[in-house]
Amino acid sequence: MARRRLLLLLKPFDVLPSRQFDDSSHFRNPKLLQVLKYLDSRCLVHKEAINFCQNILRKKFVDWEAVYRFNLCRPIRDVDLVVTIGGDGTLLQASHFMDDSIPVLGVNSDPTQAEEVEDYNEEFDATRSTGYLCVATVKNFEQIIDDILENHARPSEVSRMSVTLNSKQLPTYALNDILICHPCPATVSRFSFSKKKEDQSSSSMVHCRSSGLRVSTAAGSTAAMLSTGGFAMPILSQDLQYIVREPISPGAYNSLMNGTVKPEELMEIAWYCKEGLIYIDGSHLIHSVQHGDIIELSSKAPKLKVFLPSHLIS
C-alpha cells in the first residue's frame, strides 16, 4: 500500500507582543491583565495542538508537509488529503486553493470551553474558535485520521458559489459567502438584482438602496448571514441565500429583501455606485466593482469534499 500524502495547512500563531505581566504601566488594571493572559493562553493551546497533530502523524504511514496559510499561493495538488489546523478561517483559506478532487479535514485547535465562557461572562467574551466545519480536535484527531486512512470515513460534498464579473469568472469560489458593498460602510450602496434560469428571461429587477448585499452558501448560512437576519440551511443544500442589508424604504420590494437562489438559477446584480467591493469569504479576498458592472452568482461551482461533524449531516 502506497504512503498517503498529506498537506497540513496551519493557522499562524497570534503571538502577542512580549509582555512583562508585572505591576507597571497599564498592566496595573487587573481586568486587562486577565484578558492578556487569556489571549496568551489561546496562542499556547493552538501551538500545542499543532505539535500534537504532527506527533500523531509521525506514527502513521503517511508523508506530510506543513505550510502556514499565509504562505499558500498556488493550487493544492498532488496530495491525498489536506488537514487544516486552526478553525473555520483556515479551512476557508484552504478551500480557495482546492478543486473537487482532494478532501479536507478541519481540526479545531482551540475550541470554545463552555465553563470558561461562563466563568468570565461578566469580564469579557471568552469565546474561542467555533470550528463549525471542523470535525476534529486534539481529543479525537487520531481516531478520525485512522478512519480516513483506513477508508472507514467518507467526506461530504459541500456546495460553493461561483462569481462572475462582467461575464468573466473570478478565480476563487466562495465556500461561505460574499458581500457586495461600497468601500465606505457609511455610504449607501445602490444596485438592482434579479434571478433567472439559464437561457430564460430574468425575473423583474429589484432596485435597492442599502448598506450592501450578502449572499451565502448553505455552509455560510449560520455565520454572518444568520447574524444579519437570514436563516440556517441544511449543510448539504445547494441553494444560495441572499439578504439585502439595512434596506432603505424597500416599499413594495420588502418581501424580496431575503430569499434563495435555486441550483438551476443564477442571480444577476447590476451595480450603480461609482465604486464598490466584492468580499469573498471575509476580508482577505477582495475584488473591485464600478458603476455599470454586472455580477452573476450561482451554485454551479466545483463542490468541496469535507469531512464534516456527524451532527451536521445526520
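Q: Why is Thr 84 in strand 3 called buried?
A: Thr 84 belongs to strand 3, where strands (E, at least two residues) and helices (H or I, at least four) are DSSP runs numbered from the N terminus. Buried means under 20% relative accessible area, exposed over 50%, and partly exposed in between, with a 1.4 Å probe and protein chains only. The relative accessible area of Thr 84 is 0%, so Thr 84 is buried. This is a predicted model, in which local features need pLDDT of at least 70 and side-chain atom pairs count only at pLDDT 80 or more, while totals for chains, interfaces and linings use all residues. Residues are numbered from 1 along each chain as its sequence is written, and side-chain values use heavy atoms, with hydrogens and water left out.

Q: What does Thr 84 touch?
A: Contact means heavy atoms within 4.5 Å. Leaving aside residues up to four places away in sequence, the contacts of Thr 84 include Leu 9, Thr 90, Leu 91, Ala 94 and Val 107.

Q: Why is helix 2 described as largely enclosed by the rest of the structure?
A: Helix 2 spans residues 88–95, and 7 of its 8 residues are buried, so the description applies. Among the buried residues are Asp 88, Leu 91 and Ser 95. Their cover includes strand 1 (4–10), strand 3 (81–86), strand 4 (104–108) and strand 18 (304–307).

Q: What makes Ala 252 exposed or buried?
A: Ala 252 has 78% relative accessibility and therefore counts as exposed. Ala 252 lies in the loop between strand 12 (240–245) and strand 13 (258–261).

Q: How do you know that strand 6 and strand 17 pair?
A: Two strands pair if DSSP finds at least two bridges between them. Strand 6 and strand 17 (residues 294–298) share 4 bridges in the antiparallel sense. One of the facing positions is Thr 164, opposite Glu 296 in strand 17. Strand 6 is also joined to strand 7 (residues 168–169), antiparallel, by 2 bridges.

Q: What makes Phe 191 and Trp 271 a stacked aromatic pair?
A: The whole structure holds 3 aromatic pairs. For Phe 191 and Trp 271, the centres are 6.0 Å apart and the planes differ by 5°. Rings of Phe, Tyr and Trp (its six-membered ring) pair if their centres lie within 6.5 Å; planes under 30 degrees apart count as stacked, over 60 as edge-to-face and the rest as tilted. The pair is therefore stacked. Phe 191 and Trp 271 are both buried.
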